[in-house]
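Hi there,

Here is the structure I promised to pass on to you. Have a look at it first, and then read my notes below with the viewer open beside you.

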Amino acid sequence: MIDPKILRDDPERVRANCVRRGAEVAIDELIAKDQELRSVLQLVESMRAERNRLSQEARNNPAAREQVKLLKADMEAKEQHLAELKAVVD
């Protein structure tokens with residue numbers, strides 16, 4: 001298993017270590033997936049914050065209730081994608 005922090009900080013060291021061990025690892029692809037994972041994670045967290053904010057408004061605002069439902073559906077898809085990315089990176 002490759003530590004994502006080391007992969008981000010020193011990909012050449014990881015690449016050299018893989019060559020030395022004879023491991024076939026697509027380092028560039030792994031770095032790209034890690035960047036995508038971090039991006040999607042940030043998006044999901046901001047969506048959660050927005051959902052929480054709207055949930056507070058939903059008590060008095062029917063339009064906010066509808067937005068919460070739409071946001072929840074979109075979040076489920078993003079969270080599924082996030083889980084797939086975590087399985088690749090971890």
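Let's begin with Arg8, which is partly exposed, with a relative accessibility of 38%. Please keep in mind throughout that this is a predicted model. Which residue does Arg8 pair with in a salt bridge? The partner is Asp34, and the closest N and O atoms of the two are 2.6 Å apart. Arg8 belongs to helix α1 (residues 4-9) and Asp34 to helix α3 (residues 27-58), so this salt bridge ties together parts that lie 26 residues apart in sequence. Is Asp34 buried or exposed? Asp34 is buried, because its relative accessible area is 2% and anything under 20% counts as buried. So here a partly exposed residue is joined to a buried one.

**Salt bridges elsewhere**

How many salt bridges does a search of the whole structure find? The search gives seven. Apart from the Arg8 pair, I would point you to a few others.

Arg53 is a good place to stop, as this residue takes part in a salt bridge with Glu50 and in another with Glu57. Between Arg53 and Glu50 the N to O distance is 2.6 Å. Between Arg53 and Glu57 the closest N and O atoms are 2.5 Å apart.

Try counting along the helix here. Arg53 and Glu50 are three residues apart in helix α3, so about one helical turn separates them. Glu57 and Arg53 are four residues apart in that helix, again about one turn. How accessible are these three side chains? Arg53 has a relative accessible area of 41% and is partly exposed. Glu50 is partly exposed too, at 31%, and so is Glu57, at 33%.

There is also a network of salt bridges that links Glu12, Arg15 and Asp28. Remember Arg15 and Asp28, as both come back in the next part.

**How the helices meet**

Now turn to helix α2 (residues 11-21) and helix α3. Their axes come within 10 Å and cross at roughly 140°. That angle makes α2 oblique to α3, because a helix pair has to be over 145 degrees to count as roughly antiparallel. The crossing is right-handed.

Which residues meet where α2 and α3 come together? From α2 there are Pro11, Val14, Arg15 and Cys18, and from α3 there are Ile27, Asp28 and Ile31. By class, five of the residues in this contact are nonpolar, two are charged and none is polar. Arg15 and Asp28 appear here, and both also belong to the network of salt bridges with Glu12.

Next, follow α3 to helix α4 (residues 62-89). The axes of α3 and α4 come within 9 Å and cross at roughly 155°. The two helices are therefore roughly antiparallel to each other. Is this crossing left-handed or right-handed? It is left-handed, whereas the crossing of α2 and α3 is right-handed. The contact of α3 with α4 is made up of 17 nonpolar, 12 charged and three polar residues.

**Three residues to click on**

Met47 sits in helix α3. With a relative accessibility of 7%, Met47 counts as buried. Leaving aside residues up to four places away in sequence, Met47 touches Leu71, Asp74, Met75 and Lys78. You could also compare sequence and space for Met47 and Glu76: they are 29 residues apart in sequence, and their C-alpha atoms are 11 Å apart.

Ala83 is in helix α4 and is partly exposed, at 43% relative accessibility. Ala83 and Leu37 are 46 residues apart along the chain, while 9.0 Å separates their C-alpha atoms.

Asp90 comes in the segment after α4. Is Asp90 buried or exposed? At 56% relative accessibility, Asp90 counts as exposed, because the exposed class covers values over 50%. Asp90 and Pro11 are 79 residues apart along the chain, and their C-alpha atoms are separated by 16 Å. You have met Pro11 already, among the α2 residues that meet α3.

Enjoy exploring, and do write back with any questions.

Best wishes

Technical notes: Residues numbered from 1 in each chain as written. Predicted model: local features only at pLDDT ≥ 70, side-chain atom pairs only at ≥ 80, totals over all residues. Heavy atoms only, no water. Salt bridge = Lys/Arg side-chain N within 4 Å of Asp/Glu carboxyl O. Buried < 20%, exposed > 50% of the residue type's maximum accessible area, 1.4 Å probe, protein only. Axes fitted to C-alpha atoms, helices over the stretch in contact; angles between N-to-C directions. Parallel < 35°, antiparallel > 145°, perpendicular 65-115°, else oblique. Left-handed = near helix turned anticlockwise from the far one by under 90°. Contact = heavy atoms within 4.5 Å. Nonpolar A, V, L, I, M, F, W, Y, C, P; charged D, E, K, R; others polar.
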